[in-house]
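Me: I am new to this structure and would be grateful for a close look at one part of it. Please place that part in its wider setting as well.

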Amino acid sequence: MLTDEQITQDLAKLKVIAGAHMAPGADLATETITIDGLELDVFSNAPANLGELYTLGLETPDRTFLVYQKERYSFAETLDMALRMGRVLKEQYGIDLGDRVAICARNSPEWCVSYMAITLIGAVVVPMNSWWKGAELKFGLTDSDSKLMFLDSPRLEMVAPFLDKLQDQIIMIKPGEDSEFPEFYDLIKSVAPLTREELKTIEVLPEDKASIMYTSGSTGLPKGVLSTHRNIINALYTWKFVKEITEILRPELLEENPEFDPALLANVPLFHVTGSHAQFLASFVYQRKFVMMYKWDAEVALQLIEEERISIFHGVPTMTWEIMQSENFDSTDLSSLRAVASGGAARPPEHLGMMLQKFPDKAIPGLGYGLTETNAIGAIISGEFYTARPNSTGRPTPPVTSVKIVDEDDVTLEDGGVGEICIKGPTVMKGYWNNPEATAEVIKDGWFHSGDIGKIDELGFLIILDRAKDIVIRGGENIGCAEVEYAISEHPAISEVSVYGIPDERLGEIPCASIMLKSSSSLDAEELKQFLGDRIASFKIPVHSFFQYQQLPRIASGKIAKKELRQIAIDTLAAT
């Protein structure tokens, strides 16, 4: 394990390496520009928009890119389909620069190609949570004012009651036999791809809107995180920067198996920044095979790692834990793995110890910290740094991101001071869609206030301690406690409710509820789950509910004492 002195020496080496990479003309060079009145460092030689990013795959045009069950498409084939769908969107559906287009479906090649086509023509992609229920989907469509929607069959059933506005603006992904709407591949098979000359007439600038991704917050309704092409691309090139300088410092990481191309197992939903950015879009930068799962299953994941020679296993910590617990783990050939990384939630230090014992030595462990609002950028840690600082989420991701800790008066704290984590850089969102008030609450002088509580230690490593926002993170899924409380309070038997998270070994956290019932009413946990079934996504429904007829405990201000209720729940469950 690295000592603090060795860490200091390695960090000094990284600084020198970073300086060389940032030289003018270098692939990862940076420059300072002014965006919305803020001076920010950005990657100067990165693609100007996502359309330019997709052409990077043509450096290896015949290499397999998208893999989903029996479907396999090369980089060239994928881009050709995106260019064809781009023409369909423009000429048959009238989609123009800045129009919003929603995707609501499980992971598939069509999902990826739809995302590409939408952003190629300068429209704004709206990746919607495919676990949402009808009311949630209605809100997302209404709030984004989407002009067209890509849907699969299960989602079509849920949005059918409020599709009047989009009745003629639906494209189906893997429809049922009796579908009345046009099917994805049928639409593109007889049209020509957009030409380079035609694309030049669609001027997509770095500061143009690229995506709206909905995230649960501490208030009742999800907020649409609006990001530009520059926001997203600078996130991708931040990861590339970190990867390259780490490989120079640790040359043993470069020892890839020459028989196989780089490959990543896509095991999280594409409507999250981990799936869309760190997994899908980053694969263009590395010309990497992108192997999609139908749904998460630890046994299937192990099988795909062996069969597809996966080099990157990247998901929420729960997934790593589950494959290590599999009875097939030891018999699976994992020799192709070069990284086992996680994001979206904290990883308990004991998980890391097990990883170091069970995974091959070449499978370097890693962890990242970021938010939808920062396009998944914040801090990152891997390898020996991680084993030496297992309670940390890493150092601020170089070279264009800054992190600071502030107190309640927004005063920057010295190293070691505990306060709110703030992030600044070109990956920070443009703002919340249609919500300037919420934007002003979290972005101040260019700094995004994360709502997470932490500190930076003496060597510059970020340690997350708590959350200021009222959020539960269940297996990487953000759950706004207020949203769940609102849904529960609609039940006529309930007087008041408090929702909070408690620790869970597999998922990190699970949502729980303490409920005061009206004196003349009765309700049990199963009845509550049925009541919530068509109101909120299933992952948001409390795993444990505790009922009482007395008022919930209060703190001095009169607010419900969530910390006390949380501890009572933990103690109660431990005693059972």
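At what angle do helix H12 and helix H13 pack, and how many Å apart are their axes?

Reply: The model considered here is predicted. In it, helix H12, which covers residues 317–325, packs against helix H13, residues 349–358, at an angle of about 50 degrees. The axes of these two helices lie 11 Å apart. Angles from 65 to 115 degrees would count as roughly perpendicular and those under 35 as roughly parallel; H12 and H13 are therefore oblique to each other. The crossing in which H12 passes H13 is left-handed.

On the side of H12, the contact is formed by Pro317, Thr320, Trp321, Met324 and Gln325. H13 contributes His351, Met354, Met355 and Lys358. By character, the residues of this contact comprise five nonpolar, three polar and one charged.

As for the wider setting, the secondary structure of the chain amounts to 18 helices and 28 strands. The chain has a radius of gyration of 24 Å, close to the 25 Å given by the globule rule for 576 residues, so it is as compact as a globular protein of that length. Measured out along its principal axes, the C-alpha trace spans about 70 × 65 × 55 Å. Of the 576 residues in the chain, 57% are buried. Finally, when contacts between residues at least 6 apart in sequence are considered, 68% of them join residues at least 24 apart.

Key: Residues numbered from 1 in each chain as written. Predicted model: local features only at pLDDT ≥ 70, side-chain atom pairs only at ≥ 80, totals over all residues. Heavy atoms only, no water. Axes fitted to C-alpha atoms, helices over the stretch in contact; angles between N-to-C directions. Helix = DSSP H or I, 4+ residues; strand = E, 2+ residues; numbered from the N terminus. Parallel < 35°, antiparallel > 145°, perpendicular 65-115°, else oblique. Left-handed = near helix turned anticlockwise from the far one by under 90°. Contact = heavy atoms within 4.5 Å. Nonpolar A, V, L, I, M, F, W, Y, C, P; charged D, E, K, R; others polar. Rg over C-alpha atoms; globule rule 2.2 N^0.38 Å. Buried < 20%, exposed > 50% of the residue type's maximum accessible area, 1.4 Å probe, protein only.
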